[in-house]
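Grab a pencil and work through these exercises one at a time. Try each task yourself before you read its solution.

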Amino acid sequence: MTISPFTGLTREHWEAAADATLAAVRPYASPRHALIDLPGPVSISGRRSDGLEGFARTFLAAGFRLAHGTRGDLAQWYAEGLAAGVDPDSPERWPRVTEVNQAKVEAASIAIALHESRHVLWDALDDRVKEQTVAWLAEVIGQPYPACNWLWFQNVVEAFLRSVGGPWSAADIEGNIATMESWYLGDGWYTDGVEGGGTARNFDWYAGWAMNFYPLWYCRMSGEHADGALWTRYQDRLYAYLDGAQHLFSPGGAPLHQGRSLTYRHAALAPVWAGAVFDATPLPPGRTRRLASAVLSHFHHDGLQPIGWYGELDAIRQPYSGGGSPYWSSKGFAGLVLPADHPVWTDEERPLPVEREDVAITLAVPGWLVSGTRADGVVRVANHGTDHAADEAFSTDEPGYSRHAYATHAGPEYAGPPVDNHVALLDADGNPSHRRPLTPVRVQGRVAVSRHRAHWPVGAAPERTWPPRQPDFAEGPWLTTASVLRGAVEVRLVVVSESGPWTLRIGGYALAADERLELTADGAARADGLVSRVVGLRGLPVTRVVERTGTNAYGAYSAIPVVETDGPAVPGELYAAAVILGAVPVDALPEVAADGTVLWPDGTVDHAPLPS
């Protein structure tokens, strides 16, 4: 009997996947391996920084791989690169953290990799290389860091320095921990920093692969210096985070497609593995491996990892991303630090909750309603609390944050005016209003509510920068929106506060594939049976489908169903549509009353009253 009846993968497959990943990048290394200059665009930090990134992020996978065994020349190959990178006289020297900010990020990966491979790599280095490594890493001490997950990079580097007798700063570590403590908002969720005027709505996969991952690794690297209270605090938070986040993966291994830096792909497994490593997970060992192996299979291939989701897609890239950026996916190999006889490798795989029954949960902190359907494995999220706003000033919508819904089987359009999973007022020229910043109102049970003031960018958009620069805006009325999510159907409701010349539009999921989709009267269908539809339930009689090309991570061709009013939206009037994503036909739709009461076909009632 196989121990992996769902995925067929064992630890041996994981080791082989890590080996293939590391072998694929070697042809792009400099002569002494310090810089791995991978194909792709150059980041805003420059090509040499990108070469350091290629080394550091793949070294992280190598560090996890070397935690149990030597694995051929792997340790020696990266040791040679380390020696060349930290040598200030080497033509392959790395940019210093005082020269390039991005080096602060990569220093953390190097520190963790050195810690995990200490017995085969660090201990074998000669004293000169050790001294130069400490000197290169030690420049992080006292340095200013952006107020986001980057603060953990400084802490893990200084934890490693402390462990090898190098310099470190208690003020840095304690100050960072105190700052990040203020970003913890409950249920295992952190906002990734509080930007601008104090906005705390930066929720995405960074809550898992950074804010819940590094704290426990910092404790692990701190050894006898680790604070027992911190251990317990961070274990409890990761446990709580995973209790909800385990439902953000489909049985096929697709993570929820939401947020930024999604080119990191199976880095989404970092908190899943950390839960097993640090005994901080509600998942039994067999479910941990079942989930992790599904995600690895979903993404892994033997070649390079381009900037994109499946294939290459430059539109998904942030300006800080270069050719080496996707290899933060190395965090997805963190489970290799567990020995081969650990239950996570030896227990039989166990099904995910959505494989046993439909899942419906509320994640109150990020403002999400979650619905997973057993029949097709699709997981959907209605979003009324996340927008990545830098402050409360008007901003253009970000595809990864500002949409009303996200899913495991469909992603937002990354270029062009927002339309997918979007509620907008269209001006006389057909330009859609934007949502960000939003104001969360209610997230409870199957109902979530938020509001925002419609606004339109004026003039040309600024060039792509990080952080993004904003244009000027024209101001419109308030829109109050709600979602009632049940199974594959989201009832999306809207009230507009003021009269004007604006048409109201509600857009559904962007369905994408590598071939053109089959269009229907109210949606689109993919060859695998997945369907995206939008049906007007109140006051939205106009139905059409918008087609685009080259703007979606799920395929070259995409189609977005929309419904609209047949004239200007009436203030105080309740508008409603059914937004559907799934592979099982939905024939009977709910009725919506003027007071926001939703009556489902089986007699179930939900109430979503919307104040004007």
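**Exercise 1: partners of a central strand**

In β19, which residue is the bridge partner of V494?

Before we start, two notes on the model. It is a predicted model, where local features need pLDDT of at least 70, side-chain atom pairs count only at pLDDT 80 or more, and totals for chains, interfaces and linings use all residues. Residues are numbered from 1 along each chain as its sequence is written, and side-chain values use heavy atoms, with hydrogens and water left out.

Step 1. Get the vocabulary straight: strands are DSSP runs of E with at least two residues, helices are runs of H or I with at least four residues, and both are numbered from the N terminus. Two strands pair if DSSP finds at least two bridges between them.

Step 2. Look at β11 and strand β19 (residues 575–582): they run antiparallel and are joined by 6 bridges.

Step 3. Read off the partner: V494 is matched with Y575 in β19.

Step 4. Now try another neighbour. Strand β10 (residues 472–486) pairs with β11 in the antiparallel sense too, over 8 bridges, and here L485 stands opposite E490.

Step 5. Check the link between β10 and β11: they form a hairpin with 2 residues between them, and G487 in the turn has a positive phi of about 60°.

**Exercise 2: inside or outside?**

Decide whether the residues of strand β11 are buried or exposed.

Step 1. Use the cut-offs: buried means under 20% relative accessible area, exposed means over 50%, and partly exposed is in between, with a 1.4 Å probe and protein chains only.

Step 2. Count along β11 (residues 489–496): 8 of the 8 residues are buried, so the strand is largely enclosed by the rest of the structure.

Step 3. Sort the side chains by direction. In a regular strand the side chains alternate between the two faces of the sheet. Here V489, V491, L493 and V495 point one way, E490, R492, V494 and V496 point the other way, and all are buried.

**Exercise 3: putting the sheets in order**

Find the edge strands of the sheet with 8 strands.

Step 1. Write down the order: this open sheet runs β8-β9-β10-β11-β19-β16-β15-β14, with antiparallel pairing.

Step 2. Pick the ends: β8 (438–444) and β14 (518–519) are the edge strands, and each pairs on one side only.

Step 3. Zoom in on one pair. Strand β15 (residues 523–525) and strand β16 (residues 531–538) run antiparallel with 3 bridges, and A525 stands opposite V531.

Step 4. Repeat with another sheet. An open sheet of 3 strands has the order β20-β21-β22, again with antiparallel pairing. Its edge strands are β20 (591–592) and β22 (605–607), each pairing on one side only. Strand β21 (residues 597–599) shares 3 bridges with β22, and T597 has H607 as its bridge partner.

**Exercise 4: a residue in a loop**

Describe where R403 sits and what R403 touches.

Step 1. Place R403: it is in the loop between β5 (379–383) and β6 (405–407).

Step 2. Check accessibility: at 2%, R403 counts as buried.

Step 3. List contacts, meaning heavy atoms within 4.5 Å. Leaving out residues up to four places away in sequence, R403 touches several residues, among them D397, which is too far along to be left out, as well as E413, D420 and N421.

Step 4. Follow up on N421, which lies in the loop between β6 and β7. N421 is buried, with a relative accessible area of 3%, and its phi is near 45°, a positive value in a residue other than glycine.

**Exercise 5: more backbone quirks**

Which peptide bond is cis, with omega near 10°?

Step 1. Go to the bond from R436 to P437: that's the cis one. P437 is in the loop between β7 (423–426) and β8.

Step 2. Then visit R265, a non-glycine residue with a positive phi near 50°. R265 is in the loop between α10 (228–245) and α11 (270–277), and counts as buried at 4% relative accessibility.

**Exercise 6: the whole chain**

How many helices and strands does the protein chain have?

Step 1. The chain has 14 helices and 22 strands.

Step 2. Of its 612 residues, 62% count as buried.
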